[in-house]
Structure formats: structure tokens, C-alpha cells
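Me: Please take a close look at one helix and the aromatic contacts around it. Keep it brisk.

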Amino acid sequence: MTELFIKYLKGHVGDIYVWGAQGETDITGKWIRRRETSEKNARRAIALWEKRKAEGRSPIAAFDCSGLIVRFLLDNKLIKKDMSSRGLYSACEKLNDRSRLAPGDLLFRHDGKRIHHVGAYIGCGLVIEAMGRDDGVVLNCLDSNGAGYWNRYGRLPALGGGETAEVCERCKGEDCPCRQLILEIQKGERNEQ
């Protein structure tokens, strides 16, 4: 199941971020405005949607951070109801540190009060996340947003997995081996389309 999850995630790199979205593809500006938390956020999401259309991407799916994960889990009957990033964290077996990360594990951001963001570790120091309205669904190095960006880790029993993979301890910018892997993955995905 982990391999299928990672393939699903890779297939959505480049899609857009819309608050509360879970893979919808029948997108309009009006639909985005109804879902978003403010007109400013709607304009940001619409700008990325327009950019993706201009690039020729089709179909374009919309996700928020938990929606990216939950859509797969619901479609594969691994969970019975929608979950937020906090709900996903609660459902996980907690990992004490990232040295135990395995492909398919979930990464979380905690702001001192609560979990507020989720992404998925795909191995080799790489993460896929629905990052935000300006970026959409992205593939990044584990530490590309700083060493403390991801500060909670969990493993969903429903996904199986658990075979620990090598984790880059610190992204080394453009010279990082994970950057090369990102380019290879993106090149491979373009060739598959």
C-alpha cells in the first residue's frame, strides 16, 4: 500500500492548494472563492490555478494539506471519515525522531499549541505536501524550509510500511543529493505523461 500511496502523491505534484479541498477537479474561480477563507487567499489560489492552466496541466486537482492525504485513505477504504491534520496525527503511531522515518510516514508541523500542517515522507530525504496557495502540491527536500519545519512524525498503521530509509540530516541546498532526486523524479513524471 505504501508504494501505491507514494505513486499517488507523486502524481499530484503541481496541483493546486485550496482550503478544504480533497482532489476536486471541477474547479472554477467561483468554487475557489466559496471554499477559501478570504478574498486575498482566493486570489492567490486562483492565480496558481490560472498559471497551471496556462502551462497546459490537465486535469488540475485541488487539495489542502490534509486533503491530499485523506483523499487517498478514503479512496482506498483505509479510513471511514474525513480527518484534519490533527486527526491524522492522532491516528498515527508516534515516531520519536525522524531517524525512524520510512517511506509513507507522515510529517507534521506543531506550533507549540497544536498540529496545523501535514506532509508525507516518500524516502531519500524527500517530502510531498500541499504547501499553500502560492505553491500548491510540491516535492521538496526534508529540510528545504529549515531544520525545524517538520517537528512531529507519525506512521499510519493503515498504510503499513515501517522499513526505515536513509534520511538526509540536513538539506545542502542546490548541491544536496535530494535535489538531484527531485529533478530525476520530475523528469520521469514528465516522460510518463
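Reply: Here is a walk through helix α1 and its rings.

The model is predicted, so local features need pLDDT of at least 70, side-chain atom pairs count only at pLDDT 80 or more, and totals for chains, interfaces and linings use all residues. Numbering runs from 1 along each chain as its sequence is written, and side-chain values use heavy atoms, with hydrogens and water left out.

Helix α1 spans residues 2-11. Helices here are DSSP runs of H or I, at least four residues; strands are runs of E, at least two; both are numbered from the N terminus. Thr2, Phe5, Ile6, Tyr8 and Leu9 are the buried residues of α1. Buried means under 20% relative accessible area, exposed over 50%, with a 1.4 Å probe and protein chains only. Seen down the axis of α1, the buried residues fall within an arc of 160°, so they line one face. That arc is taken from the directions from the helix axis to the C-beta atoms. The face turned away carries the exposed Glu3 and Lys7.

The buried residues of α1 pack against β3, α4, β5, β6 and β7. Contact means heavy atoms within 4.5 Å.

Now the rings. The structure holds four aromatic pairs. Rings of Phe, Tyr and Trp (its six-membered ring) pair if their centres lie within 6.5 Å; planes under 30 degrees apart are stacked, over 60 edge-to-face, the rest tilted. Phe5 and Phe72 form a tilted pair, 5.0 Å centre to centre, with 50° between the planes. This pair links α1 to α4, across 67 residues. Phe5 is buried at 0% relative accessible area, and Phe72 is buried at 3%. Ring pairs link Phe5, Tyr8 and Phe72 into a cluster.
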